[in-house]
Every structure is written in C-alpha cells, then in structure tokens.
Amino acid sequence: MISKELLQPFNYLFDSEIIDSIANVAFLKTFKKADIIIDIGQDLNFIPLLIKGNIKVLREDNDGDELLLYVLETGDTCAMSLTCCMVKSVSKIRAIADDDATVIMIPIEYMKLWFSSNESWRNFILQSYQIRFDEMLETIDTLAFMKMDERLFKYLTDQVKLSASTHLEMTHQEIAEDLNTSRVVISRLLKQLEREKKIELGRNKISVLEF
C-alpha cells in the first residue's frame, strides 16, 4: 500500500478508481544510480511506474555488448516489460537506474484486470506502447541512417533534455556502452565535437554548447 499523495502526478492520466486501486495494491521501491531494476531472463511479477529519476532500457547481444533502446522519465512505464507480463515470458531487456530512482511496483495480475475493466488504465497502457514503439523506431533510424558522430551528438543533446542541464557528468566509457562502440572512438569524436565548438570537455564532464 502506498500514499495517494505519491500518485498526484498521475491524476491527469488515471481516474479516481485506478488511483485508489494502485494505492491499495502497489508498493514503493527505491534504486541507486546504476542499480539493475529489471534484468534479462528475469521473471516479471510487477509493472514499474516511475515517479522519480530516469531509467535506461537496454538490449544485450550474444557477446554481452549493450545497446540503449530508450530512457524512461517520471510518469513512464516500460512497454517491453508490459509485453513480457502480458504473455508470461521472461524479460528481454535490462533496465538500469540512470540516477537515483523511485518506482511504484504494481502486481501484474492487476495490470491485466484493469486493462479490461478501466478505460483510463487501458489508454495509459496503449499510449505507453505507442510512445516506446516510436522511440525504438527512432533508435533503429539512428543506427541505420546516422554516422557515429551524428549519433553521439544526438545522444548528448537527448541527455541535456533528460537532465534539464547542459552540463553532463558522464565518462567516455559510459557513453561508449550506451552507443555500443569503443571508448577510443567516443573519445576521438568528442574531441572532434569540441573542435567544432559544439561541446566543451572536462574531467568526466561534458558541457553541451549547441543543441
């Protein structure tokens, strides 16, 4: 059980019936930056509803290399986990806290029940599918049609929007992992972007000057 005050940001999405139901059956869980929230191969018994922080959703290839699919923000849920819960399959993605995160965990049996009985919940689930699908299409387009320097700069500007700050605290290795490339390539391209006066580099810090 959780306080209905925590659900106030969702009042515009859900009717009072669903707000009351979530408050009665859900529980709260907190995660530190870099904590794994959902892992590949994990049985999913709960649906995450993010109320604080950002969560990175990643795929992993057979060699263990990761690719960033999309980032969840406050008010989001993960469509990939919804799909796995609906068909009772294990998780095919890894969800990692991009910073400290607070998540409402909703048991999957209620997700299914509310989907058939409540319009506001059903609309939320369907809209979440659409938004995440569009984001994955954007990821595919980026991989297929953009050169690595363009992908890198788009990644940085996306991070600016997510963090609401032009000063990003991240290492070259972290960026390389998100973009599924090597740290050497990222370091070289960051220097190129700095020469183009699009960014300014510091120690584990990147200031985005153009976005």
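This section describes the confidence, helices, internal cavity and selected residues of a predicted model.

The mean pLDDT of the chain is 89, and 97% of the residues reach 70 or more. Confidence varies between elements of secondary structure. The highest value in the chain belongs to strand β1 (residues 27-31), with a mean of 95, whereas the lowest, a mean of 68, is found in helix α2 (residues 79-87).

Helix α4 comprises the 27 residues from 119 to 145. Its end C-alpha atoms lie 38 Å apart, which agrees with the 39 Å that a helix of 27 residues should span at 1.5 Å a residue. The buried residues of α4 are Ser120, Trp121, Phe124, Ile125, Ser128, Arg132, Thr139 and Thr142. Met136 also belongs to helix α4. With a relative accessible area of 22%, Met136 is classed as partly exposed, because residues count as buried under 20% and as exposed over 50%. Met136 and Leu69 are 67 residues apart along the chain, yet their C-alpha atoms are separated by 5.9 Å.

Helix α5 was examined in the same way. This helix has 16 residues, and the distance from its first C-alpha to its last is 22 Å, close to the 22 Å expected at 1.5 Å a residue. The buried residues of α5 are Arg151, Leu152, Phe153, Tyr155, Leu156, Thr157, Gln159, Val160 and Leu162. Ser163 lies in this helix, which covers residues 148-163. Ser163 is partly exposed, at a relative accessible area of 39%. The side chain of Ser163 reaches back to the backbone oxygen of Gln159, at 2.9 Å, and Gln159 is itself among the buried residues of α5. A separation of 16 Å was computed between the C-alpha atoms of Ser163 and Ile96, which stand 67 residues apart along the chain. After α5 comes Ala164, whose phi is positive, near 55°.

Positive phi values were also found at two asparagine residues. Most residues other than glycine have a negative phi. Asn180, in contrast, has a positive phi near 55°. The position of Asn180 is in the loop between α6 (172-179) and α7 (183-195), and its relative accessibility of 38% places Asn180 in the partly exposed class. Asn204 likewise is not a glycine but has a positive phi, of about 55°. Asn204 lies in the loop between β9 (199-202) and β10, and is partly exposed, with a relative accessible area of 46%.

Strand β10 (residues 205-208) contains Ser207. The relative accessible area of Ser207 is 11%, so this residue is buried. The side chain of Ser207 makes a polar contact of 2.8 Å with the side chain of His167.

The search for enclosed space returned one cavity of 30 Å³ or more. The largest cavity holds about 50 Å³ of space. Its lining is formed by Ile37, Ile38, Pro48, Leu49, Leu50, Ile55, Leu72, Asp76, Thr77, Cys78 and Ala95. Two or more of these lining residues come from each of the strands β2 (36-38) and β3 (46-52). The greatest contribution is that of β3, which gives three residues to the lining of the largest cavity. By class, the lining consists of nine nonpolar residues, one polar residue and one charged residue. Asp76 and Thr77 are among the residues of this lining; Asp counts as charged and Thr as polar.

Towards the start of the chain, Leu6 is placed in the segment before α1 (16-25). Leu6 is partly exposed, having a relative accessible area of 31%. The C-alpha atoms of Leu6 and Phe27 are separated by 11 Å, and the two residues are 21 residues apart along the chain.

Notes. Residues numbered from 1 in each chain as written. Predicted model: local features only at pLDDT ≥ 70, side-chain atom pairs only at ≥ 80, totals over all residues. Heavy atoms only, no water. pLDDT = per-residue confidence, 0-100. Helix = DSSP H or I, 4+ residues; strand = E, 2+ residues; numbered from the N terminus. Expected span 1.5 Å × (residues − 1). Buried < 20%, exposed > 50% of the residue type's maximum accessible area, 1.4 Å probe, protein only. 1 Å grid on protein atoms, 1.4 Å probe; cavity = no way out; pocket = protein on both sides within 12 Å on 5 of 7 lines; lining within 4 Å. Points joined across faces, edges and corners; volume = space filled by probe spheres on them. Polar contact = N/O pair within 3.5 Å; in protein donor to acceptor, adjacent residues only side chain to side chain.
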